[in-house]
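I opened the notebook to look up a few local features in this structure. Entries follow in the order I checked them.

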Amino acid sequence: MTPILTPADVGSYWLASTGDDLTPRAPLSGDETVDVAILGGGFSGLWTAWFLLQADPSLSIAIVERQFCGFGGSGRNGGWCSPRFPINPAALTRRFGAETARAILFAQQAMVDEVGRICEQEGIDAHFNPVGVLTLARSAAQLPSLQHSYDAYAKLGMADVCELLDAGQAHEAVHATEVHGALRLRVGGTIHPGRLVRGLARALERRGVRIYEGTEVIQTSAGMQPALVTAGGTIRARRAVLLAGEAFLTGLPDYRRRLIPMASTIMLTAPLTADQWDQVGWAGGECLSSYVHTTNYLTRTADGRILFGSRGAPYRYGSDMSETALRENANFGWIRDRLLEWWPSLDGVDFTHQWAGYLGVPRDWLPTVHFDSNRRIGHAYGYTGHGVITSAISARALAGLVTGVAPDPQAPYLREQAPNWEVEPLRWAGIRYVQNAFLRMDLAETAGKTPPLDAPLATFLGEP
């Protein structure tokens, strides 16, 4: 059985600052029957329960969580309430056509507003701040990517949701080094994900949802009365068993190759002084990132800290998700160096929290939502690090499939399963190669050197 951990074991600032009683809920002890049983107490599972009750308030629902609500990516992410979809607008258009791409992006944007409305309605003080998204070009080599992103929105007739900033305008917004331009998305914002996930769990309990923590599912069964089997008892479902474990679904045999667990690493500074913020700029507090291959994401917290997220631990053979290895191999030193590269004036700043976590990546980067009405088993997974909003979109679709409130049938993520990743050791070798190549590409760009000869191959293999 998996050891039961505490929020303190995770190290996430979001969990440490919820203002919530983090005493674990009681585990399942005995058998019971409900209308819908859900595996997973993160955003996927909680949002699914929320939208099920919006469609049919009479449903009885139980949620089974192996650790505690918010243990996974829901309590360890970067604090973005972003309208971005796992697949960028240009790739969405290329793969599914302009009409579908527009529909997906507008749905993501609308869900940002919906999350803010739900927080207000339910009294969840999740620090929701609709400040938009700002992506910097921090080298001349990144300018074509900036223009390409803007053009993709413009070709979809969505130029009004974004704007290009030249070097001067971008530097006025953020006083970082090497700012050559930026793309601003007007929709999106920051949020305290720990407060959101814990507040959403409490809102569901007020509506009668039963949540069991510290309860590991050891078997699932399908059929006329599907079930979640745990060491403490079995929950049978009259209508559906729904699997919402995101990256942790890879622990189930049927899902082992449908996702890979990729790690991301985060560090958080102490609150900055007013003088330090004057030097940093970033007065708008937008979700902040740049056009790098190894990914970075920055958040200005409500109490004046800088969160910097970037490379995680390298992919582990067999999709292993060791918590110990995650902490020991996370690239905290890399992040510290990147922060000082952006703002050398912050040399000596204190870091109060550091953590890492896993996110689920499908082979084609497209989320999957499916419900088999004959087997009465459903699932939603594959958000590739965009889970705060994409999980809600997917959960609403899954709830609709269960209750008969049909989602858009043209949505490409409504499919039985994601394509499988390669078998080991091919999977390990390929992913490690792409991770290494992206790092070499970013280091070469930072140093003003020619990209590695294998850059086109790595880009082809590693991006949707």
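I start with a definition: a polar contact is a pair of N or O atoms within 3.5 Å, and within protein one must be able to donate a hydrogen and the other to accept it. The model I am reading is predicted.

**Entry 1: His379**

I looked up His379 and found it in strand 18, residues 377-381. What does its side chain reach at 2.9 Å? I found the backbone oxygen of Glu416 there. That distance falls within 3.5 Å, so I logged a polar contact.

Next I checked burial. His379 has 5% relative accessibility, so I put it down as buried. The cut-off I used for buried is under 20%.

Then I listed what His379 touches, leaving out residues up to four places away in sequence. I noted Leu243, Tyr255, Arg258, Thr368, Val369, His370, Leu398 and Glu416. Glu416 thus appears in my list of touching residues and as the partner of the His379 side chain.

**Entry 2: helix 13 and helix 14**

I turned to helix 13 (residues 426-446) and helix 14 (residues 455-462). Their axes come within 9 Å and cross at roughly 125°. That angle makes helix 13 oblique to helix 14. I noted the crossing as left-handed.

Which residues meet here? From helix 13 I wrote down Tyr433, Val434, Ala437, Phe438 and Met441. From helix 14 I wrote down Ala455, Leu457, Ala458, Thr459, Leu461 and Gly462. I sorted the residues of this contact into nine nonpolar, two polar and no charged.

**Entry 3: backbone geometry**

I kept the background in mind: most residues other than glycine have a negative phi, and most peptide bonds are trans.

I checked the peptide bond from Glu424 to Pro425 and found it cis, with omega near 5°. Pro425 lies in the loop between helix 12 (387-403) and helix 13.

I then looked up phi for His127. The value is near 55°, which is positive in a residue other than glycine. His127 sits in the loop between helix 5 (98-122) and strand 4 (133-137).

Trp282 came next. Its phi is also positive, near 55°, and Trp282 is not a glycine. I placed Trp282 in the loop between helix 9 (274-280) and strand 13 (287-290).

Are these two buried or partly exposed? His127 has a relative accessible area of 30%, so I entered it as partly exposed. Trp282 has a relative accessible area of 0%, so I entered it as buried.

Key
Residues numbered from 1 in each chain as written. Predicted model: local features only at pLDDT ≥ 70, side-chain atom pairs only at ≥ 80, totals over all residues. Heavy atoms only, no water. Axes fitted to C-alpha atoms, helices over the stretch in contact; angles between N-to-C directions. Helix = DSSP H or I, 4+ residues; strand = E, 2+ residues; numbered from the N terminus. Parallel < 35°, antiparallel > 145°, perpendicular 65-115°, else oblique. Left-handed = near helix turned anticlockwise from the far one by under 90°. Contact = heavy atoms within 4.5 Å. Nonpolar A, V, L, I, M, F, W, Y, C, P; charged D, E, K, R; others polar. Buried < 20%, exposed > 50% of the residue type's maximum accessible area, 1.4 Å probe, protein only.
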